[in-house]
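Please open the model in your viewer and keep the selection panel at hand. Each stop below says what to select and what is there.

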Amino acid sequence: MNTFASVERLDERAAHGIAVLSTLAMLMLATWLLTARPEAGGGRRTLSSTRVYFVERPTRPQPAQAPASSPRFEQPPRLVESAAVSSNAPRTASPTPKRSTPAQVASAADAPTSASLYTPDGRVRIPDAARAPPGATAQPPGQTDERALAEARGILERENPIDYRPTRFEEAWASDGNLLQRADDALAKAFRRKKRGGPATARPPPDVATNPALHENLADLGSEATGDAYKAAPIRFEKAPDLQGGASRRIEAGIGALQARAAQCAPGQLQQLLVPVRLHLDELKRNEYALAHGADPLRAEQMIPRAADSAYDLARRALWYAEHALGGCVQPA
């Protein structure tokens, strides 16, 4: 048994050793293949070199200008023989050759240049007859009427699908934008109105009678539950007669007269009904004091008179409501 066990162990060790050696051999072969250079397998290779030569472009020779003092060029005479003349006929001398001028020589030298398709700077040569006069506009061929020309110009233009026409209510709409942009628009409109019609003035309240039965929204009127039922008193609106102290003195006189005529009524009930009268009286006195002691000019012109008129009117309504709420205990005036 021990012999067989030792043999199996030797076989396992041998197998492990063979596997390790095989792995190392494969790794070494792969490393050699990856690091091998192309010239390792054969002779040394040499890279071919390339040489670049810069050849100067030949310039076109300019026609030589003949000097003014140079003699005229003459062409050698040529003899012209006629084939129809017989050999026995006497030979005639050739015609006298024409002499060329320096201008003709220059034009003859420039003839190949003018006949080429391109100018010396590389542009297409255009004959003088085909050049458009200065200031002329090119038009498509075959189009002479204005309608066709307008259609040709606007072929790539898209018309506005919305035919918008501004109305007289244009300035009444607010622009789509943030709060700062809308405030800027409002200031601009206010400045425009000021330039047109002068400074803006506050609109006074309407001078109309109050009829609670004809009021559109009854929830706006006072009620017994909220303690402001006097606001719905059916008396006519009246402005403050004198903002130098006369309006407050008139309300104080009304309070004293009501207290004198309501001597037989319960004191607590009378004082409770006179609370809103005194509140509006105090507000009227504050406005009179501010107007008499140097208030802001704009506030004294627009805001204080409106606030004083409202306080005076509400005090009158509170007095009227207190007199009618006491009932029969009030002696007639």
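The tour goes from the whole chain to single residues.

**Whole chain**

Start with everything selected, and keep in mind that this is a predicted model. The protein chain has 8 helices and 0 strands, so a cartoon view should show the pattern α-α-α-α-α-α-α-α along the sequence. Of its 333 residues, 16% count as buried. The chain exposes about 28600 Å², and carbon and sulfur atoms supply 57% of that area. Among contacts with a separation of 6 or more, 65% are between residues 24 or more positions apart.

**Colour by confidence**

Colour the chain by pLDDT next. The average is 75, and 65% of the residues score at least 70. Confidence is highest in helix α7, residues 275-292, with a mean of 93. It is lowest in helix α2, residues 102-114, with a mean of 48. Within residues 108-114 the pLDDT is below 50, and this stretch has 4 contacts in the model beyond near neighbours in sequence. Select residues 69-95 as well: there pLDDT stays under 50, and the model has 11 contacts beyond four places in sequence for them.

**Helix α1 and a surface patch**

Select Val20, Leu21, Leu24 and Leu27 and show their side chains. Together these residues make a nonpolar surface patch of about 390 Å². Leu21 lies in helix α1, which spans residues 2-35. Is Leu21 buried or exposed? Leu21 counts as exposed because its relative accessible area is 58%, and the cut-off for exposed is over 50%.

**The largest nonpolar core**

Move to the other end of the sequence and select Ile251, Ile255, Leu258, Leu274, Val277, Leu284 and Leu326. They have the most contacts inside the largest nonpolar core, which has 24 residues. Elements giving two or more residues to this core are α5 (246-261), α6 (267-273), α7 and α8 (297-326). Which of them gives the most? That is α8, with 8 residues.

Centre the view on Val277 and list its neighbours. Leaving aside residues up to four places away in sequence, Val277 touches Ile251, Ile255, Ala315, Ala318 and Leu319.

**Salt bridges**

Side chains of opposite charge can pair when their charged atoms come close. The structure holds 9 salt bridges, and three of them are visited here.

Select Arg316 and Glu238. Their side chains meet in a salt bridge with an N to O distance of 3.5 Å. The two residues are 78 apart in the chain: Arg316 sits in helix α8, and Glu238 in the loop between α4 (179-197) and α5. Arg316 is classed as buried because its relative accessible area is 19%, and the cut-off for buried is under 20%. Glu238, at 30% relative accessibility, counts as partly exposed.

Select Lys285 and Glu252 next. The closest N and O atoms of this salt bridge are 2.5 Å apart. Here too the pair links distant parts of the chain, with Lys285 in helix α7 and Glu252 in helix α5, 33 residues apart. Lys285 is partly exposed at 34% relative accessible area, and Glu252 is partly exposed at 36%.

Go back to helix α8 and select Asp313 and Arg317. Their side chains form a salt bridge of 2.8 Å, N to O. Both residues lie in helix α8, 4 residues apart, which is about one turn of the helix. Where do they sit with respect to the solvent, buried or exposed? Asp313 and Arg317 are both buried. Add Glu238, Arg250 and Arg316 to the selection to see one network, in which salt bridges that share partners join these residues with Asp313 and Arg317.

**A histidine in a loop**

For the last stop, select His215, which is found in the loop between α4 and α5. His215 is partly exposed, with a relative accessible area of 31%. Which residues does His215 touch, not counting those up to four places away in sequence? They are Asp220 and Leu221. To finish, draw a distance from the C-alpha atom of His215 to that of Ala232: the two residues are 17 apart along the chain, and these atoms are separated by 9.7 Å.

Note on methods
Residues are numbered from 1 along each chain as its sequence is written. This is a predicted model: local features need pLDDT of at least 70, side-chain atom pairs count only at pLDDT 80 or more; totals for chains, interfaces and linings use all residues. Side-chain values use heavy atoms; hydrogens and water are left out. pLDDT is the predictor's confidence in each residue, from 0 to 100. Contact means heavy atoms within 4.5 Å. Patches are made of residues with over 30% relative accessible area and no salt bridge: like charges are joined within 9 Å, nonpolar side chains (Val, Leu, Ile, Met, Phe, Trp, Tyr) within 5 Å. Accessible areas come from the Shrake-Rupley method with a 1.4 Å probe; for residues, only the protein chains shown count as cover. A salt bridge is a side-chain nitrogen of Lys or Arg within 4 Å of a carboxyl oxygen of Asp or Glu. Buried means under 20% relative accessible area, exposed over 50%, partly exposed in between (1.4 Å probe, protein chains only). A nonpolar core is a set of buried Ala, Val, Leu, Ile, Met, Phe, Trp, Tyr and Cys residues joined through side-chain atoms within 4.5 Å.
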